[in-house]
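Got your viewer open and your mouse ready? Let's take a walk through this protein, one selection at a time.

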Amino acid sequence: MKLQRTYAAALAVLLLTAGCGRQQAAIVPADAAAQLRDSLTFTDQMTDMDSAGACRFYDVDTALVQDSAAYVGSGASAESLAVFEATDTDAADGIADALRSFTDSWVTGYADYKPEEVPKLESAVLEQDGVYVVYCVTADNDAAKTAVRGLLNP
């Protein structure tokens with residue numbers, strides 16, 4: 001009987017603490033992207049893109065995306081930012097993979113065109129939390145990383 005009470009107490013503790021886990025923030029990609037654009041340092045003029053444009057620009061399969069928003073520079077710099085809400089966590093993995101491929105191809109392209117932009121790309125911020133994926137290439141990627149983490153983990 002005492003052993004049963006011990007097991008019951010342990011089970012109750014597990015059930016109670018399971019509900020105390022970190023809650024994922026609900027993010028609206030357009031709002032989050034605008035917030036990041038306004039709070040981060042960019043040297044280029046940033047132009048907004050809707051979800052379809054963001055998927056085309058970053059070569060992300062639209063079937064993976066519930067919603068997204070992006071801001072991109074003029075091409076004179078490698079600066080850009082995007083916030084994606086995936087259809088599920090597996091899709092978020094696929095979006096993150098596409099963004100890594102995007103970065104690799106832009107490093108190659110900018111190496112000859114504007115090599116001074118390559119360090120920005122090499123330190124690009126790519127953060128994933130659940131169904132959300134955020135990507136930033138800014139003039140200050142350390143500050144961008146802090147801002148993105150604050151956005152994903154308020």
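Start by selecting aspartate 97 and arginine 100 in helix α4, which spans residues 89-113. These two are 3 residues apart, so about one helical turn separates them. Show their side chains and you'll find a salt bridge, with N and O 2.7 Å apart. Both ends get some solvent: aspartate 97 is partly exposed at 44% relative accessible area, and arginine 100 is partly exposed too, at 41%. Keep in mind as you click around that you're looking at a predicted model.

Stay in helix α4 and pick aspartate 104. Is it buried or exposed? Aspartate 104 counts as exposed, because its relative accessibility is 53% and the cut-off for exposed is over 50%. Now add glutamate 122 to your selection. Along the sequence, aspartate 104 and glutamate 122 are 18 residues apart, but from C-alpha to C-alpha the gap in space is 8.4 Å.

**More salt bridges**

How many salt bridges does the count come to? The count is 5, and you've already visited one of them, between aspartate 97 and arginine 100.

Next, select glutamate 127 and arginine 149. Their side chains form a salt bridge as well, this time at 3.3 Å from N to O. Glutamate 127 belongs to strand β4 (residues 125-129) and arginine 149 to helix α6, so this pair ties together parts that are 22 residues apart in sequence. Their surroundings are worth checking: glutamate 127 is buried, at 15% relative accessibility, whereas arginine 149 is partly exposed at 41%.

Now jump to arginine 37 and aspartate 38. They make a salt bridge, and their closest N and O atoms are 2.8 Å apart. Here aspartate 38 is exposed, with 57% relative accessible area, while arginine 37 counts as partly exposed at 28%.

For a group of three, select Glu79, Glu117 and Lys120. A network of salt bridges links them.

**Two helices side by side**

Hide the side chains for a moment and colour two helices: α2 (residues 29-39) and α6 (residues 141-152). To describe two packed helices, you give the angle between their axes and the distance between the axes. In this case the axes come within 11 Å and cross at roughly 150°. That angle makes α2 roughly antiparallel to α6, since the cut-off for roughly antiparallel is over 145 degrees. The crossing is right-handed.

Which residues meet where α2 and α6 touch? Bring the side chains back for Ala32, Gln35 and Leu36 in α2, and for Ala147, Val148 and Leu151 in α6: these are the ones that meet. Sorted by class, the contact has 5 nonpolar residues, 1 polar residue and no charged ones.

Zoom in on alanine 147, which sits in helix α6. Leaving out residues up to four places away in sequence, alanine 147 touches Leu36 and Leu40. Add serine 39 and draw a line between the two C-alpha atoms: alanine 147 and serine 39 are 8.1 Å apart in space, yet 108 residues apart in sequence. Alanine 147 counts as partly exposed, because its relative accessibility is 23%.

**Helix α3 and what follows**

Move on to α3 and select Gly53, Ala54, Cys55 and Tyr58, which are buried. What do the buried residues of α3 pack against? Their partners are β1 (47-49), β2, β3 (80-86), α4 and β5 (132-137), so try colouring each of those in turn.

Then step to aspartate 59, in the loop between α3 (51-58) and β2 (65-72). Most residues other than glycine have a negative phi. Aspartate 59 isn't a glycine, but its phi is positive, at about 55°. Aspartate 59 also counts as exposed, at 65% relative accessibility.

**Zoom out**

Finish with the protein chain in cartoon view. You can trace 6 helices and 5 strands, and reading along the sequence gives the pattern α-α-β-α-β-β-α-α-β-β-α. Colour by burial and you'll see that buried residues make up 39% of the 154 residues in the chain. And among contacts with a separation of 6 or more, 61% are between residues 24 or more positions apart.

Methods. Residues are numbered from 1 along each chain as its sequence is written. This is a predicted model: local features need pLDDT of at least 70, side-chain atom pairs count only at pLDDT 80 or more; totals for chains, interfaces and linings use all residues. Side-chain values use heavy atoms; hydrogens and water are left out. Helices (H or I, at least four residues) and strands (E, at least two) are DSSP runs, numbered from the N terminus. Buried means under 20% relative accessible area, exposed over 50%, partly exposed in between (1.4 Å probe, protein chains only). Axes are lines fitted to C-alpha atoms, for helices over the stretch in contact, and angles run from 0 to 180 degrees between N-to-C directions. Angles under 35 degrees count as roughly parallel, over 145 as roughly antiparallel, 65 to 115 as roughly perpendicular and the rest as oblique. A crossing is left-handed if the near helix is turned anticlockwise from the far one by less than a right angle, and right-handed if clockwise. Contact means heavy atoms within 4.5 Å. Ala, Val, Leu, Ile, Met, Phe, Trp, Tyr, Cys and Pro count as nonpolar, Asp, Glu, Lys and Arg as charged, and the others, Gly among them, as polar. A salt bridge is a side-chain nitrogen of Lys or Arg within 4 Å of a carboxyl oxygen of Asp or Glu.
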